[in-house]
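Visitor: Hello! I would like to look around this protein with you, one question at a time.

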Amino acid sequence: METKIIKIDQDNLDHKLMQEAGDLIAAGELVAFPTETVYGLGGDALDPEASKKIYSAKGRPSDNPLIVHISDFSDLERIAKTVPEDARKLSDAFWPGPLTMIVEKGDAVPYATTGGMDTVAVRMPNHPIALDLIRRSGCLIAAPSANTSGRPSPTEAAHVAEDLSGKIAMIIDGGPVGIGIESTIIDLTEDTPMVLRPGYITPQMLSKVLGKEVVIDPGIIAADDTRKPKAPGMKYKHYAPKADMAIVDGTRKHVIAKINELVASHRDDGKKIAVIATEETKQFYDADVVLSMGSRADEDSIAHELYRVDVIFSESFSTPRIGQAIMNRMLKAAGHQVIDTHVKYDKIIFVAQTGTCREQMAKGIMNDFVLKVPMEIEARGLVVQFPEPVNQKAEAVLISNGISTEGMVSTQLEESDITETTMVFTMESSQRERIIESFADIDPEQVFVLSQYVGDELEILDPYGGTLQSYGLCYESLRATLKKLVKLLNANT
Ligand code: TXA
Ligand code: MG
């Protein structure tokens, strides 16, 4: 079959060509078209023969149901057994838009379209070409993403042609799509609405509109096969580019170093390599292709391409709003191959001013706790003229709490104390700044203000010159803070 490719300007629709496309759908043929998420491969949703053609053009297993695209809310009433109240609320808020709702199917919808299921997925796309095509065809349009099964969802007509040319009647080229990531799918057939596929519209946004809890299908989060995702399509190694892919996770500096090391070694093997980075980090890489996923500050642009190389190393993306949806796809593409560059720390240095008080108390208390992975604990001062024993009141408080002060003397913090696997905790933020200023070679990401690290608002104040009671209070607040620190450290090992 020859595939006719037509170019349509979404802001100035060519009525004749659009009618031609609509007529093809009405005649049971397949037409690929742009939506705001990805390109779809459309056919008459209520015609089982058209649905069968879709499965065969995509090479898709026929138990994987299709999404029915509508152009008017009343269409939902035609194909749903009943329209749940939640569907009305969500459609008011998000339709037309990147949200697919699963409801009980009515008799009009053939099992060929729903992959044999008694439920149907419905969405009203927010794209002038898609909406016009639905209206002109006089049909509802079943449309999966317009890619060969197992390949990434296409964001440009050229990607569609690459996969489907010769297999379908027409491709409408409406230019690159806006979002680049498939619609969010929410299942409204259970008591609690459940997100089956994360997307642009987040569970938080849905929950706000519904005024109740929205859960995420546990099957899509598990990296293993113990729980099956409820949307059949989520179980395939979808979105997989032809290349091998790994996601490198950790703090920015370590991720960049690790990726560059991997690029160098794969280049020696003669491979073509792509790195997926962001606007802020792309300058640090030297691969065959460096894709910027946009700026971390501009989340919406972080979603497009992944093509035509042998190996892909990607930074990990955890942006606040659609980060989860992106990582869900990326993890799939990478077959859950994640290279963790988070440093395994083996030493802690507590730092305050004189080396005789808060830092010594912190060390004493810390040694009283149990770390799952033992670390060396040290105390250092920023200004230590000569070795001094621990402050007398601090010593009294420590001893009364059963902590020995034997061998505690003040010691000046030196640059050589801080290795790559050392965490430095200061009592005050000014002390952190001082360390970063005086030791140019130390990575600022290794130096923390103790209270900030554990999420406390107040810094650990210096009791110097106060009563014995104020030393006691200092001890108590240090103990509470360090308890949180131990919890955090133990959780991360
Ligand atoms: O953004 C999108 O949703 C794009 C554009 C073209 O609209 N379409 C799309 O369709 O991504 P497709 O077929 O590639 O993905 C549909 C997903 C599959 O994972 C499928 O298993 C799931 O929706 N699905 C469809 N009907 C379902 C149902 N009744 N119950 C559970 N999952 C369903
Ligand atoms: Mg798809």
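Visitor: How far is the polar side-chain atom of Ser-145 from an oxygen atom of ligand 1?
Guide: Good place to start, and do keep in mind that this model is predicted. A polar contact needs a pair of N or O atoms within 3.5 Å. Ser-145 offers a polar side-chain atom, and its separation from a ligand 1 oxygen is 3.0 Å.

Visitor: Which distance separates an oxygen atom of ligand 1 from an N or O atom in the side chain of Ser-183?
Guide: Let's look at two side chains here. For Thr-37, an N or O atom of the side chain is 2.6 Å from an oxygen of ligand 1. For Ser-183, the corresponding value is 2.5 Å.

Visitor: How much of the area that ligand 1 exposes when taken alone does the protein bury?
Guide: Picture the ligand by itself to begin with: ligand 1 then exposes 680 Å². Put the protein back, and the share of that area it buries is 99%.

Visitor: Where does ligand 1 sit, and what is the volume there?
Guide: Ligand 1 is placed in the largest pocket. Among the residues closest to the centre of this pocket are Arg-60 and Ile-185. The pocket's volume is about 520 Å³.

Visitor: Which strand gives the most residues to the shell around ligand 1?
Guide: Several strands supply at least two residues each to this shell, including strand 3 and strand 10. The top contribution is 4 residues. In the lining of the largest pocket, the top contribution is also 4 residues, from strand 6. For the shell around ligand 1, the strand you asked about is strand 6.

Visitor: How many residues in the shell around ligand 1 are nonpolar?
Guide: We can sort the shell by class. It has 5 charged and 8 polar residues. The nonpolar residues number 16.

Visitor: Which residue does a cis peptide bond join to Trp-95?
Guide: Most peptide bonds are trans. Here, though, a cis bond has an omega of about -10°. The partner of Trp-95 is found in the loop between helix 4 (85-94) and strand 5 (99-104). That partner is Pro-96.

Terms used: Residues numbered from 1 in each chain as written. Chains lettered and ligands numbered in written order. Predicted model: local features only at pLDDT ≥ 70, side-chain atom pairs only at ≥ 80, totals over all residues. Heavy atoms only, no water. 1 Å grid on protein atoms, 1.4 Å probe; cavity = no way out; pocket = protein on both sides within 12 Å on 5 of 7 lines; lining within 4 Å. Points joined across faces, edges and corners; volume = space filled by probe spheres on them. Polar contact = N/O pair within 3.5 Å; in protein donor to acceptor, adjacent residues only side chain to side chain. Areas by Shrake-Rupley, 256 points an atom, 1.4 Å probe, with all protein chains shown as cover. Sits in = over half its atoms within 2 Å of the grid points. Nonpolar A, V, L, I, M, F, W, Y, C, P; charged D, E, K, R; others polar.
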